[in-house]
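Please find below some notes on the model, set out as numbered points. They cover the sheet, a helix, backbone angles and charged pairs.

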Amino acid sequence: MYVIAGLGNPGAKYENTRHNIGFMVIDALAGKNGISVTEKKHKACIGKGIIGGEKVILAKPQTFMNLSGESIREIIDYYKIEEKTELIVISDDISLSVGALRIRKKGSAGGHNGLKNIILHLGHDEFQRIRLGVGEKPSGYDLADYVLGHFQEEDRVLIAESVKQAAEAAEVMITEGADKAMNQFNKKGKV
């Protein structure tokens, strides 16, 4: 069984913001695979289904970004999944250009508070992740204001495509493994 957790913040005011791109990918996966992500459990909205012949739980933690690890820890413990191989976390990344995608099997939080909290609650950084580029913070902007802001009109096509690619990458990670997904998707987009 796999847990695919997209990071974001709950509430209408955060919809379609840079920080909520993980939620967008979960919505894309849910729509493509006929999974309803409406059950409220483990401090998250979750949905259960099958992707690529494997049982999956799609999760959107509702703890707010900086406490994402609380929800993910509960889900992992309840379903007894192997977090190093069966957890996939999807998040935004300001160090990647808009539309770029990076898949990793482990690594630091890179300054991302949601990932920091997950690492804190897991006690290690060895979990699979898909990072989606939202672009670097412009000079003079507050970081929180930037990541909680909406995409520029000219970026929306790139973002829609990267959300679709990330959903496909998650499916490849489940069916063919993270190495295959890295080879297939990491070369797309500029860093």
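1. Helices, as the word is used here, are DSSP runs of H or I with at least four residues, numbered from the N terminus. Glycine 177, just after H6, takes a positive phi of about 100 degrees. The model is a predicted one.

2. On helix H6 itself: the helix covers residues 156–176, and at 1.5 Å a residue its 21 residues should span 30 Å. The C-alpha atoms at the two ends are 29 Å apart, which agrees with that expectation. Its buried residues include Ile159, Val163, Val172, Met173 and Ile174. Alanines are also on that list, namely Ala166, Ala167, Ala169 and Ala170. So are Ser162, Gln165 and Glu171.

3. Two further positive phi values deserve a look. Most residues other than glycine have a negative phi. Asparagine 16 is not a glycine, yet its phi is near 60 degrees. It sits in the loop between strand E1 (2–6) and helix H1 (21–33), and asparagine 16 is partly exposed, with a relative accessible area of 48%.

4. The other case is lysine 80, with a positive phi of about 55 degrees. Lysine 80 belongs to the loop between H2 and helix H3 (83–86). With a relative accessible area of 71%, lysine 80 is exposed.

5. In what order do the strands of the open sheet run? The order is E2-E3-E4-E1-E5-E7-E6, seven strands with mixed pairing. Strand E2 (39–41) and strand E6 (101–104) are the edge strands, each pairing on one side only. From one strand to the next the twist averages 25 degrees.

6. Strand E5 can be followed through its two partners. E1 and E5 run parallel and are joined by four bridges; within this pairing, alanine 5 has valine 89 of E5 as its bridge partner. E5 and E7 also pair in the parallel sense, over six bridges. Here valine 89 has arginine 129 of E7 as its bridge partner. Valine 89 is thus a bridge partner of alanine 5 and of arginine 129.

7. How many residues of E5 are buried? Seven of its seven residues are, and the strand is mostly covered. Leu87, Val89, Ser91 and Asp93 point one way from E5, while Ile88, Ile90 and Asp92 point the other way. Both sets are buried, and the acidic residues Asp92 and Asp93 are among them.

8. E6 and E7 pair in the antiparallel sense, over four bridges. In this pairing arginine 102 stands opposite arginine 131 in E7. The latter residue returns in the next point.

9. The side chains of aspartate 93 and arginine 131 form a salt bridge, with an N to O distance of 2.6 Å. Aspartate 93 lies in strand E5 (residues 87–93) and arginine 131 in strand E7 (residues 128–133), so the salt bridge ties together parts that are 38 residues apart in sequence. Are the partners buried or exposed? Aspartate 93 is buried, at a relative accessible area of 11%. Arginine 131 counts as buried too, because its relative accessibility is 18% and the cut-off for buried is under 20%.

10. A salt bridge within a helix offers another setting. Aspartate 77 and arginine 73 meet through their side chains at 2.9 Å, N to O. The two are four residues apart in helix H2 (residues 68–79), so about one helical turn separates them. An α-helix has 3.6 residues a turn, so residues three or four places apart point the same way. Aspartate 77 is partly exposed, with a relative accessible area of 44%.

11. Glutamate 153 and arginine 156 supply a further salt bridge, at 2.7 Å from N to O. Glutamate 153 is exposed, with a relative accessible area of 57%, and arginine 156 counts as partly exposed at 42%. Elsewhere, salt bridges that share partners join Lys43, Glu70 and Glu74 into one network.

12. On the total: counting a side-chain nitrogen of Lys or Arg within 4 Å of a carboxyl oxygen of Asp or Glu, the model has 11 salt bridges.

How values were computed:
Residues numbered from 1 in each chain as written. Predicted model: local features only at pLDDT ≥ 70, side-chain atom pairs only at ≥ 80, totals over all residues. Heavy atoms only, no water. Buried < 20%, exposed > 50% of the residue type's maximum accessible area, 1.4 Å probe, protein only. Expected span 1.5 Å × (residues − 1). Pairing = 2+ DSSP bridges. Axes fitted to C-alpha atoms, helices over the stretch in contact; angles between N-to-C directions.
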